[in-house]
Amino acid sequence: TLGLISRPPFHPVTCAGSRRLVPASTGLSWGAVAAARLPRGTTVASIPVSIALTEDAVMGSRVAADAKNLRLDASVRALTYVFMLLQRADRRSHFGPYLRAIPVRHTDPMGWSAAELALLRGSNLLPQQRRRKSELRADFDGTVRPLCEAFPSRYSPNVLSWQQFLWAHSSFVSRNLPLEPDANGHLRLTTGSGRAEQRQQCLLPLLDMLNHKYAAPIIWQSGGGGAGAVPTVGLAVGEDVEAGAEIYNNYGPKSNQELLRLYGFVLEDNPQDTFELEVAGLAAEDEEELQAKNQLLAQSGLPRVHFLRRSTAAPASSGGVSGHPEVTGKVRSRKRQREAVQAMSVIPTSLLCVLRLAVLNQPELLLLLDGCSRNTEGQGHQVNQLLGAPISGRSEMAALRTLLNLLRAKLVKLQGD
């Protein structure tokens with residue numbers, strides 16, 4: 001694999017002899033295994049930017065020129081997929097060896113059967129997948145079909161079929177990384193300081209063949225680019241890796257929904273998974289009280305819809321519940337008291353604030369309004385500050401009971417879906 005990627009006219013690919021690429025057990029991807037112990041900071045692989053499949057390469061190709069001559073309203077992404085498929089089919093092409101090393105099938109929902117997609121009912125992923133596939137079909141019909149009809153000798157329907165177009169899409173979205181030009185115009189790893197419109201989503205051969213591990217420490221490297229040195233992109237391990245252990249990439253803190261959509265796999269007990277919880281109504285005895293609560297909610301800028309993340313251990317600085325004397329006072333042992341506070345600390349502060357407002361009775365609401373009236377700062381800031389702590393023991397218990405009821409109702413809905 002390394003020999004194919006580094007053949008002329010490419011610059012040499014750095015991948016020391018202490019690493020080797022092996023097929024994953026599923027046969028659907030590749031992975032890297034350490035043949036010797038790798039100390040933290042060891043560069044696993046480094047490639048010249050010249051072998052990256054960039055938007056510049058696509059827009060400078062005949063594909064883009066033909067689309068321009070036909071005056072097609074083709075997106076860069078659609079042209080990229082056509083370019084990838086043509087390069088993959090051409091045994092003499094620049095990017096062919098790399099593209100042919102990508103698995104021939106993917107496990108993301110874009111290639112699922114109707115029966116498999118039915119398993120996604122009730123999730124946000126199913127409508128997302130349908131919408132994206134519809135958009136891809138429009139790209140295919142508006143770009144591939146006209147090219148095949150106008151230039152049949154260059155664009156074969158066998159190479160540019162709908163199924164192959166979906167393969168190119170899945171290959172690209174599961175592997176691309178952002179690069180942006182530096183002061184000298186050389187593409188480097190995105191730092192976030194450049195302009196968004198200058199960034200290019202690129203494919204980086206070899207570097208994209210590492211599998212994902214949640215929270216795996218990695219170090220991305222940019223080198224060269226000055227005094228005639230070749231610009232490079234590399235990846236180093238962020239912790240010691242023992243001989244025989246797999247070398248992982250880290251795709252970022254993604255939920256299972258995002259991992260399944262982009263890469264076709266999920267993680268068991270993924271701490272990044274979230275679910276939506278909405279506080280639809282505010283309790284009130286009359287219209288005047290309801291209007292006052294709605295006005296306070298608008299001033300605070302607090303949302304009604306919140307996203308909760310599963311967590312088994314809340315960090316001390318999570319910004320959740322603080323000071324629950326009436327709740328924690330009923331917990332006899334110190335251990336159970338710590339567990340109760342820790343469990344409450346994973347509740348988003350914004351959700352607790354809305355719940356506190358929702359359950360206030362008239363005397364408590366008047367107390368809150370009085371505190372706001374004596375405020376010398378912005379009204380919204382004062383509302384948030386007052387709701388950031390318990391108003392009373394009664395209202396705090398009512399807020400937590402309301403949360404429990406919302407969670408139970410959500411669980412019933414999820415089980416029903």
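This passage describes the overall make-up of a predicted model, two helix pairs and four individual residues.

The chain contains 16 helices and 11 strands. Of its 417 residues, 40% count as buried. The accessible surface of the chain amounts to about 22,100 Å². Carbon and sulfur atoms contribute 52% of that surface. Contacts between residues distant in sequence were also counted. Among contacts with a separation of 6 or more, 70% join residues 24 or more positions apart.

Two helix pairs were examined in turn. The first consists of helix H3, residues 62-69, and helix H4, residues 76-89. Their axes lie 9 Å apart. The packing angle is about 130°. An angle of this size is over 115 but not over 145 degrees, so it falls in the oblique class. H3 and H4 are therefore oblique to each other. The crossing of H3 past H4 is right-handed. On the H3 side, the contact involves Val63, Ala64 and Ala67. These residues meet Leu79, Val82, Phe83 and Leu86 of H4. By class, the H3 contact with H4 comprises 7 nonpolar residues, with no polar and no charged ones.

The loop between H3 and H4 holds Asp73. Its relative accessibility is 80%, and Asp73 therefore counts as exposed. Asp73 and Gly142 are 69 residues apart along the chain. Their C-alpha atoms are nevertheless separated by 7.5 Å.

The second pair is formed by helix H10, residues 287-300, and helix H14, residues 362-373. Here the axes are 11 Å apart, and the helices pack at about 40°. Angles under 35 degrees would count as roughly parallel, so a value of about 40° lies outside that class. H10 and H14 are therefore oblique to each other. H10 passes H14 in a left-handed crossing. H10 contributes Glu289, Ala292, Lys293 and Leu296 to the contact. From H14 come Gln362, Leu365, Leu368, Leu369 and Cys372. By class, this contact of H10 with H14 has 6 nonpolar residues, 1 polar residue and 2 charged residues. The charged residues are Glu289 and Lys293 of H10, and the polar residue is Gln362 of H14.

Helix H7, residues 125-150, includes Arg130. Arg130 has a relative accessibility of 54% and therefore counts as exposed. The cut-off for this class is over 50%. Along the chain, Arg130 and Leu117 are 13 residues apart. The separation of their C-alpha atoms is 9.7 Å.

Backbone geometry draws attention to the loop between strand E6 (200-202) and strand E7 (218-223), which contains Leu206. Leu206 is not a glycine, yet its phi is positive, at about 75°. With 4% relative accessibility, Leu206 is under the 20% cut-off and therefore counts as buried. Ala215 also has its place in the loop between E6 and E7. Phi of Ala215 is near 65°, again a positive value in a residue other than glycine. Ala215 has a relative accessible area of 51% and is therefore exposed. Thus the loop between E6 and E7 holds two residues with positive phi, Leu206 and Ala215. Leu206 is buried, whereas Ala215 is exposed.

Conventions
Residues are numbered from 1 along each chain as its sequence is written. This is a predicted model: local features need pLDDT of at least 70, side-chain atom pairs count only at pLDDT 80 or more; totals for chains, interfaces and linings use all residues. Side-chain values use heavy atoms; hydrogens and water are left out. Axes are lines fitted to C-alpha atoms, for helices over the stretch in contact, and angles run from 0 to 180 degrees between N-to-C directions. Helices (H or I, at least four residues) and strands (E, at least two) are DSSP runs, numbered from the N terminus. Angles under 35 degrees count as roughly parallel, over 145 as roughly antiparallel, 65 to 115 as roughly perpendicular and the rest as oblique. A crossing is left-handed if the near helix is turned anticlockwise from the far one by less than a right angle, and right-handed if clockwise. Contact means heavy atoms within 4.5 Å. Buried means under 20% relative accessible area, exposed over 50%, partly exposed in between (1.4 Å probe, protein chains only). Accessible areas come from the Shrake-Rupley method with a 1.4 Å probe; for residues, only the protein chains shown count as cover.
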